[in-house]
Amino acid sequence: SSFSALLRPRPRAACRCDACAMAKSKNHTGHNQSYKNHRNGIKRTRRPKKMSMAGMNCKFVRNQAYAKRGMKCTPEEKAQRLAAQKEAQKRMEEKKATEKANRLKELEEMKEAEKLKAANKQAKKDAAQKKA
């Protein structure tokens, strides 16, 4: 009997025209939403502890990881590295000082050469005027 009820057509509404159908008036309301949101308080988003590496150059990220691993060392090794760094810094400063001294020497020699050249030119000019 229930199967025959499924086969029977259902009775329709009296009128299905657009004029008779009721218009839906309300699509959305924000009523009570701000109250609900503020019940537990609106919180700031949490700052991530670690910056995301997504979208970064993968070659750089991999190299950064290796560099971080290479920086790990014992306090004795750290002291050795610091001493080596100071020594290298001293050497660089000495090298820079010698290069500066050499450059100043070169400039001085160039000035002297220009003075001699000017003096020779003047002497030739004077000699040419004496002959004439």
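These entries record what I looked up in a predicted model of a protein.

**Entry 1: confidence.** I began with the pLDDT values. The protein averages 89, and 86% of the residues score at least 70. I then compared the elements: helix 2 has the highest mean pLDDT, 96, and helix 1 the lowest, 67. I kept in mind that coordinates should not be read in detail where pLDDT is low.

**Entry 2: overall build.** I counted 4 helices and 0 strands. Read from the N terminus, the order of elements is α-α-α-α. Helix 1 covers residues 2–7 and helix 2 covers 33–39, while helix 4 takes in residues 75–131.

**Entry 3: surface.** How much of the protein is buried? I found that buried residues account for 0% of its 132 residues. The exposed area is about 14,500 Å², of which carbon and sulfur atoms supply 55%.

**Entry 4: Asn 32.** I looked up the backbone of Asn 32 and noted a phi near 75°, which is positive although the residue is not glycine. Most residues other than glycine have a negative phi. Asn 32 lies in the loop between helix 1 and helix 2. Its relative accessibility is 37%, so Asn 32 counts as partly exposed.

**Entry 5: salt bridges in helix 4.** I found 2 salt bridges in the structure. One joins Glu 87 to Arg 91, with the closest N and O atoms 3.3 Å apart. Why can these two side chains lie on neighbouring turns? Glu 87 and Arg 91 are 4 residues apart in helix 4, so about one helical turn separates them. Glu 87 is partly exposed, at a relative accessible area of 49%.

The other pairs Arg 103 with Glu 106 at 3.6 Å, N to O. Here the spacing is 3 residues in helix 4, and therefore again about one helical turn. Both partners are partly exposed: Arg 103 has a relative accessible area of 47%, and Glu 106 has 43%.

**Entry 6: a nonpolar patch.** I noted that Leu 104, Leu 107 and Met 110 form a nonpolar patch on the surface, with about 280 Å² of accessible area together. Met 110 belongs to helix 4 and is partly exposed, with a relative accessible area of 46%.

**Entry 7: cysteines.** How many disulfides are there? With a cut-off of 2.5 Å between cysteine sulfur atoms, I obtained a count of 0 disulfides. I also looked up the accessibility of two cysteines. Cys 58 counts as exposed, at 53%, whereas Cys 73 is partly exposed, at 30%.

Terms used:
Residues numbered from 1 in each chain as written. Predicted model: local features only at pLDDT ≥ 70, side-chain atom pairs only at ≥ 80, totals over all residues. Heavy atoms only, no water. Buried < 20%, exposed > 50% of the residue type's maximum accessible area, 1.4 Å probe, protein only. Areas by Shrake-Rupley, 256 points an atom, 1.4 Å probe, with all protein chains shown as cover. Patch = residues over 30% accessible without salt bridge, like charges linked within 9 Å, V, L, I, M, F, W, Y side chains within 5 Å. Salt bridge = Lys/Arg side-chain N within 4 Å of Asp/Glu carboxyl O. pLDDT = per-residue confidence, 0-100.
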